[in-house]
Amino acid sequence: MIYREYGQTGKKVSLLGFGGMRFKNVDNHDECVRMMVSAAEGGVNYFDTAPGYFETRSEIVYGKAFAEMRKRGLPYFSATKTFESTESGIRGEIEGQLKRLDISTIDFYHIWCITTLDNWENRKKNDIIKTFRKLKEEGLINHICISSHLIKNEIKKLLMEGVFEGVLFGYSAYNFQTRQDAFDAIREKKLGAVVMNPLGGGVIPQHPDLFKFIRREGETAAVAALRFLWDHSEITNTLVGFDTIEHVNEALQAIENYKPRTPAELEEVKSKAASSFEGICTGCAYCDNCPVGIPIPYYMDTYNQKLLNKAIDDPIGDRLKWHWNLERSGAAKCTECGQCEAACTQHIDIIRRLKEIAN
Ligand code: SF4
Ligand code: SF4
């Protein structure tokens, strides 16, 4: 296992992390605990969950697994999150989480799922920062972290506020072009950087040809996607949502046989993405100046799901609701001025796609 410093916390975390959102059968505690203990035996020490995963049942499994790890002397760090923003709401949440997780302190506690900067400003109005600092002083949490769905300058702006010790954000070979600005802030503020969705929500393994640009000889698209992330020296941990013990073992093997690229080799790989992604929105955001305020990159990312994600029944509706918190009707505001299409680096028929989304 490879370990990296989590920002300035003094904690060394495993480059491979365990995410608790994809258990095949979360109510089979023995099986889930076996998976987590097996990962810990392989050197994984970062375990991330959230109260919303399986309606708190993921946290219950984590509590049982942590107890087993303590029994076996296996080290672990706990990470979880809260959507609450008022002091009483957060205190109520954390009380339940500590019980479910069977621990007295949460190592990495995240302000959960910032989707827009307005959303962040609203949470701040409830003194969320003050509350998190109090929780830290009281020893209920060890580190203040944020989980973000922002892209480009927005994510950088959030991180530059200097509130956080680490960030959890979606980053993969599929969306990396939209998140590069985060690394400026991560370096400058010396933050821990945990990435989620390393397989692009399943898009990467479903489309191995599209991701030829990251694959080296003998690598599956999934293994190549993880190694591509590990090549980023700023990334502290990549969270994989494991569903079976076989997947845990595959990921452990991928890190065992991992040969890092040099920074120059990584840049070369990244430069090949645009040509590979023909017709796919890369999230470059050059179009993001719509006179009627449509957040075009978010809607086009949603359309990508329709093109690429065959595993979901309603990929557009699902992405709008759960990832971007947007309505289909927002796409209907388009006046067809054509400004965005003229700016699009991928020559995407944005107007037609917006109409399809709206309908
Ligand atoms: S064509 Fe529609 S989406 Fe594009 S900039 Fe004009 S109004 Fe906005
Ligand atoms: S310019 Fe094109 S590729 Fe870039 S974000 Fe907009 S729609 Fe996507």
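Biologist: Let's start with F47: which residue of β5 stands opposite F47?
Modeller: Bear in mind that we're looking at a predicted model. Strand β4 (residues 46-48) and strand β5 (residues 77-82) run parallel and are joined by three bridges. Across from F47, on the β5 side, you find S78.

Biologist: And on the β3 side, which residue is opposite F47 in β4?
Modeller: Two bridges pair β4 with β3, again in the parallel sense. The residue of β3 that faces F47 there is F18.

Biologist: What handedness does the β-α-β unit of β3, α1 and β4 have?
Modeller: Follow the chain from β3 (residues 16-19) through helix α1 (residues 29-41) and on to β4. The β-α-β unit made by these three elements is right-handed.

Biologist: Which residues of β3 point the other way from L16 and F18?
Modeller: In a regular strand, side chains alternate between the two faces of the sheet. L16 and F18 share one direction in β3, and every one of the four residues in that strand is buried. Pointing the other way are G17 and G19.

Biologist: Which residue of β10 is the bridge partner of G17?
Modeller: β3 and β10 (residues 237-241) are parallel, with four bridges between them. At G17, the partner in β10 is L239.

Biologist: How many strands make up the closed barrel?
Modeller: Go round in order: β3-β4-β5-β6-β7-β8-β9-β10, with parallel pairing. Neighbouring strands in this sheet are turned against each other by 30 degrees on average, ignoring direction. The ring is closed, and its number of strands is eight.

Biologist: How many of the residues in β9 are buried?
Modeller: G192, V194 and M196 point one way from β9, while A193 and V195 point the other way. Being buried here takes a relative accessible area under 20%. Strand β9 (residues 192-196) has five residues, and the number of them that are buried is five.

Biologist: Through which helix does the chain cross from β8 to β9?
Modeller: β8 (residues 166-170) and β9 are parallel neighbours joined by five bridges, and G166 stands opposite G192. The β-α-β crossover between these strands is right-handed, and its helix, residues 180-188, is α7.

Biologist: Which residue of β10 is opposite V195?
Modeller: β9 pairs with β10 too, over two bridges in the parallel sense. Across from V195 in β10 sits T238.

Biologist: How many aromatic pairs are there, and how far apart are the ring centres of Y6 and Y46?
Modeller: Searching the whole structure turns up 23 aromatic pairs. Y6 and Y46 are a stacked pair, with 15 degrees between the planes and a centre-to-centre distance of 6.5 Å.

Biologist: Are Y6 and Y46 buried or exposed?
Modeller: Y6 is in the loop between β1 (3-5) and β2 (12-14), and Y46 is in β4, 40 residues away along the chain. The pair links distant parts of the chain, and both Y6 and Y46 are buried.

Biologist: Why does the pair F47 and F66 count as edge-to-face?
Modeller: Their ring centres are 6.2 Å apart. An edge-to-face pair needs planes over 60 degrees apart. The F47 and F66 pair is edge-to-face because the angle between the planes is 80 degrees.

Biologist: Which rings are linked with F47 and F66 into a cluster?
Modeller: F47 is buried at 0% relative accessibility, and F66 is buried at 0% as well. Ring pairs join these two into a cluster with F18, F23, Y62, Y76 and F242.

Biologist: Is D102 buried or partly exposed, and what is phi near for that residue?
Modeller: Most residues other than glycine have a negative phi. D102, in the loop between α3 (87-101) and β6, has a positive one. D102 counts as partly exposed because its relative accessibility is 39%, and its phi is near 60 degrees.

Biologist: What about N325: buried or exposed?
Modeller: N325 also has a positive phi, near 55 degrees. N325 sits in the loop between α14 (315-324) and α15 (339-343). With a relative accessibility of 60%, N325 counts as exposed.

Biologist: Last one: how many nonpolar residues are in the shell around ligand 1?
Modeller: There are 13 residues around ligand 1, and those coming nearest are C290, C334, C337, G338 and C340. By class, the shell has one charged residue and two polar ones, and the number of nonpolar residues is 10.

Definitions and conventions:
Residues numbered from 1 in each chain as written. Chains lettered and ligands numbered in written order. Predicted model: local features only at pLDDT ≥ 70, side-chain atom pairs only at ≥ 80, totals over all residues. Heavy atoms only, no water. Buried < 20%, exposed > 50% of the residue type's maximum accessible area, 1.4 Å probe, protein only. Pairing = 2+ DSSP bridges. Right-handed = clockwise from strand over helix to strand, strands pointing away. Axes fitted to C-alpha atoms, helices over the stretch in contact; angles between N-to-C directions. Near = heavy atom within 4 Å. Nonpolar A, V, L, I, M, F, W, Y, C, P; charged D, E, K, R; others polar. Phe/Tyr/Trp six-rings, centres within 6.5 Å; stacked < 30°, edge-to-face > 60°.
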